[in-house]
Amino acid sequence: MASTAENSLRKFIKADGSADYPAEANRYHLYTSNICPFAQRALIVRKLKGLEDAISLTITWKFDDKGWAFTDKIKECTPDPFNNFSHLRQVYQLNIPGYTGTVSVPTLYDKTTNLVVNNESADMMEMFNSEFNKFAKYPERNLYPLEMKDKIDDMNNNHLSSYIYMPYKCLLATSQTDYDTAIDNYFNALDKFEEILSKQRYLCGDQLTECDVRFYVVIIRLDPVYYMLAKINLRRITEYPNILGYVRELHQLPAFKETLDIDLLKEFSYSGCTSEKFNPSRIIPKGPILDLTAPHGREKLPGKPY
């Protein structure tokens, strides 16, 4: 159970003022990363809703075990614009002096109180989707329509909640038995998603939902990272025709494509601060080649992204 202090890192924003913080434009700042799948979830929803002018952004990088750092040495990264801190941990310590717990991205910060509001990507997806419509360029885009609640909750709870952690179980397996179980579970899950996407355009039907965001940020990393680094190598995305078309369609939407730099992702994964254990040579593979610009063919199925 989280401590009272740690609970201060998970507060909520509501447009009607009924939560810990009110929804306001230019009040909140997103500290994030362009390499973490959980961080990308928040980035996608922020861009999909058109909240770039309402919620400002700083991208961080992880150089060592000190955690997420502010820098201008890496593409798209910038120094801390408010407190001139060197590391994101120092932002957490505004809430909890001397904090030594986990520091994660994304982290949502309140410029008015100078405190962290929330560090849970699922909460940010929800808040960005529903609580900032007054300031959004695309308020009509809804990733959690109430009429689809049961389908979305079922997909999240019974399929995605386990799938999103499967790559880490493969990567961190310390025995052949653990690895065999993890990789079999991973590809059994992909077989199910392939079946679902053979019948409908998106995971929950003919409309893009938050489930598609959750799935995309994991599946897009299979070929460039997980296939080799985590030994998730029974099959590539290209061997799943429906998943491939689906990934291409999503990746060709600006909110998905522009929140992921695959070259930077590979650089960090294969030669970054965590690579000593999993890739001691720090050699970055050139492949595999995955053409995400080809026609996706998903228009044959009913529906559209927005």
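In what order do the four strands of the open sheet lie? The order is β4-β3-β7-β8, and the pairing is mixed. Please keep in mind as you explore that this is a predicted model. Below you will find the sheet and its helices, then helix α7, the cysteines, and two residues worth a visit.

**The sheet**

- At the edges of the open sheet sit β4 (55–59) and β8 (115–118), each of which pairs on one side only.
- From one strand to the next, the twist averages 35°.
- Strands of a sheet can pair in parallel or antiparallel fashion, in both cases through backbone hydrogen bonds.
- Strand β3 (residues 28–32) and β4 run parallel, joined by five bridges.
- Along this pair, Leu-30 stands opposite Leu-57 in β4.
- Strands β7 and β8 run antiparallel, and three bridges join them.
- Here Leu-108 has Asn-118 of β8 opposite it.
- A hairpin is formed by β7 and β8, with four residues between the two strands.
- In the turn of that hairpin, Asn-114 has a positive phi of about 60°.

**Helices packed on the sheet**

- Returning to the parallel pair, Leu-30 faces Leu-57 in β4, and helix α2 (residues 37–48) packs on the sheet by touching β3 and β4.
- The direction of α2 makes about 140° with that of β3.
- Helix α3 (residues 88–95) also packs on the sheet, where it touches β3, β7 (107–110) and β8.
- The direction of α3 makes about 95° with that of β8.

**Helix α7**

- Helix α7 covers residues 176–199, which makes 24 residues.
- From its first C-alpha to its last, α7 reaches 35 Å, close to the 34 Å expected at 1.5 Å a residue.
- Buried residues of α7 include the aromatic-named set Tyr-179, Tyr-186, Phe-187 and Phe-193.
- Also buried in α7 are Ala-182, Ile-183, Ala-189, Leu-190, Glu-194, Ile-196 and Leu-197.
- The cover over these buried residues includes α5, α6 (166–171), α8 (210–219), α9 (222–229) and α10 (241–251).

**Cysteines**

- How many disulfides does the structure hold? The number is zero.
- The closest cysteine sulfur to that of Cys-36 is in Cys-273, and because the two are 12 Å apart, they are too far for a bond.
- Cys-36 counts as buried, at 14% relative accessibility.
- For Cys-204, the closest cysteine sulfur is in Cys-211 at 3.7 Å. That is still too far for a bond, because a disulfide needs sulfur atoms within 2.5 Å.
- Cys-204 is buried too, with a relative accessible area of 4%.

**Glu-131**

- Look for Glu-131 in the loop between α4 (121–130) and α5 (149–163).
- Is Glu-131 buried or exposed? Glu-131 is buried, because its relative accessible area is 12% and buried means under 20%.
- Leaving aside residues up to four places away in sequence, Glu-131 touches Ile-13, Lys-14, Ala-15, Ala-23 and Glu-126.
- The side chain of Glu-131 makes a polar contact with the side chain of Ser-130, at 3.1 Å.
- Arg-27 is 104 residues from Glu-131 along the chain, and their C-alpha atoms are separated by 13 Å.

**His-251**

- His-251 lies in helix α10.
- With 9% relative accessibility, His-251 counts as buried.
- Not counting residues up to four places away in sequence, His-251 touches Tyr-216, Ile-220, Phe-256, Lys-257 and Leu-292.

Conventions. Residues are numbered from 1 along each chain as its sequence is written. This is a predicted model: local features need pLDDT of at least 70, side-chain atom pairs count only at pLDDT 80 or more; totals for chains, interfaces and linings use all residues. Side-chain values use heavy atoms; hydrogens and water are left out. Buried means under 20% relative accessible area, exposed over 50%, partly exposed in between (1.4 Å probe, protein chains only). Contact means heavy atoms within 4.5 Å. A polar contact is a pair of N or O atoms within 3.5 Å; within protein, one must be able to donate a hydrogen and the other to accept it, and residues adjacent in sequence count only if both atoms are side-chain atoms. The expected span of a helix is 1.5 Å times one less than its number of residues. Two strands pair if DSSP finds at least two bridges between them. Axes are lines fitted to C-alpha atoms, for helices over the stretch in contact, and angles run from 0 to 180 degrees between N-to-C directions.
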